[in-house]
Amino acid sequence: MKKKIALIMALALSVTTVFAGCGAKDDQKQRESGSGMQKTFTVGFDQDFPPMGFVGDDGEYTGFDLDLAKEVADRLDMKFVPKPISWDAKDMELSSGGIDCIWNGFTMTGREDKYTWSEPYLNNEQVFVVKKDSGIKTQADLAGKVVDVQTDSSAQKALEQQEKLQKSFKELKIVADYNTAFMDLESGAVDAIAMDIVVAKYQIEQRKADFVLLDDALASEEYAVGFLKGNDELRDKVQKTLEEMAEDGTIKKISEKWFQEDITTIGK
């Protein structure tokens, strides 16, 4: 009798183990397929590029572009992961899968064939920032002056296309970020900064410094979200969501938070 009971218990345990194993395999398949698990939306950005993306006073990542990206992720039921990257390593991050997109005042103009892009959402210009009392009024006045520009930036590329202007400088200094550039300008280490007008205006306002923009722009361009070439599926989801945000007024609200007006171009 005891042998029969032991045999029945062994069979029951075996059946339970089989079903448990099947359940574990099913759970694993669900995890592997993404079912029951929130997918991530990892956004690559330069953490020293206010107001598009930067480290806030509370130590958290914040900015206009990050606010837009987070709202998109929330609406797509994806976990938003802001990932600060070295700007000159952005292509490596994207191709390796370290990030899903580049979203940080990323200039589409001149790079149209290198990435899969969203539609442009912001117009921008490359300009020069100088001290108000510098005596520099036009680009011609930059002859013999020292100018800062961020490495691998749109401003650097614009200057490369204007060889005569660049050669007129005493020196073109390549810096890692624009916080460094503004410290150089404040200290008198350089005479001007070549940079994005959207970022320049924000920096001038925040620093309460006597800086001005030269009227003659270096270049005009458009900001868009850059995805790995061929990643149309994710681009289409993000684009559709941005259009919905424009239609319901969310983008306008986010723009007004950072710029006190709606400067976006989606749906206009």
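1. Lining of the largest pocket. In this predicted model, 14 residues line the largest pocket. Those nearest its centre are V198, K201, F259, E261 and I263. The space inside the largest pocket comes to about 340 Å³.

2. Which elements build that lining. Two helices, α7 (197-207) and α9 (250-259), each contribute at least two residues to the lining of the largest pocket. The biggest share comes from α7, which provides 6 residues. Sorted by class, the lining of the largest pocket holds 6 nonpolar, 4 polar and 4 charged residues.

3. The second largest pocket. About 210 Å³ of space lies here. Its lining consists of T107, T109, G110, R111, S154, K157, A158, Q161, A219, S220 and E221. Helix α4 (154-160) and strand β13 (219-223) each supply at least two of the lining residues. The class split for the second largest pocket is 2 nonpolar, 6 polar and 3 charged.

4. Packing of α8 against α9. Helix α9, which also supplies residues to the lining of the largest pocket, packs with helix α8 (residues 232-247). Their axes lie 4 Å apart and make an angle of about 80 degrees. Angles of 65 to 115 degrees count as roughly perpendicular, so α8 and α9 are roughly perpendicular to each other. On the α8 side, the contact is made by L242, M245 and A246; on the α9 side, by T250, I251 and I254. By class, the residues of this contact comprise 5 nonpolar and 1 polar, with no charged residue.

5. A three-stranded sheet. The strands β2, β3 and β4 form an open sheet, in the order β2-β3-β4, with antiparallel pairing. At the edges are β2 (48-49) and β4 (61-62), each of which pairs on one side only. Strands of a sheet pair through backbone hydrogen bonds, in either a parallel or an antiparallel manner.

6. The link between β3 and β4. Strand β3 (residues 53-55) is joined to β4 by 2 bridges, and the two strands run antiparallel. Which residue of β4 is the bridge partner of V55? The partner is Y61.

7. Points to check against the structure. For the largest pocket, a useful place to begin is the set nearest the centre, V198, K201, F259, E261 and I263. For the helix pair, the α9 residues to find are T250, I251 and I254.

Notes. Residues are numbered from 1 along each chain as its sequence is written. This is a predicted model: local features need pLDDT of at least 70, side-chain atom pairs count only at pLDDT 80 or more; totals for chains, interfaces and linings use all residues. Side-chain values use heavy atoms; hydrogens and water are left out. On a 1 Å grid over the protein atoms alone, a cavity is a set of points where a 1.4 Å probe fits but cannot get out, and a pocket is an open set with protein on both sides within 12 Å along at least five of seven lines; lining residues have an atom within 4 Å of a point. Grid points are joined across faces, edges and corners, and a volume is the space filled by probe spheres set on the points. Ala, Val, Leu, Ile, Met, Phe, Trp, Tyr, Cys and Pro count as nonpolar, Asp, Glu, Lys and Arg as charged, and the others, Gly among them, as polar. Two strands pair if DSSP finds at least two bridges between them. Axes are lines fitted to C-alpha atoms, for helices over the stretch in contact, and angles run from 0 to 180 degrees between N-to-C directions. Angles under 35 degrees count as roughly parallel, over 145 as roughly antiparallel, 65 to 115 as roughly perpendicular and the rest as oblique. Contact means heavy atoms within 4.5 Å.
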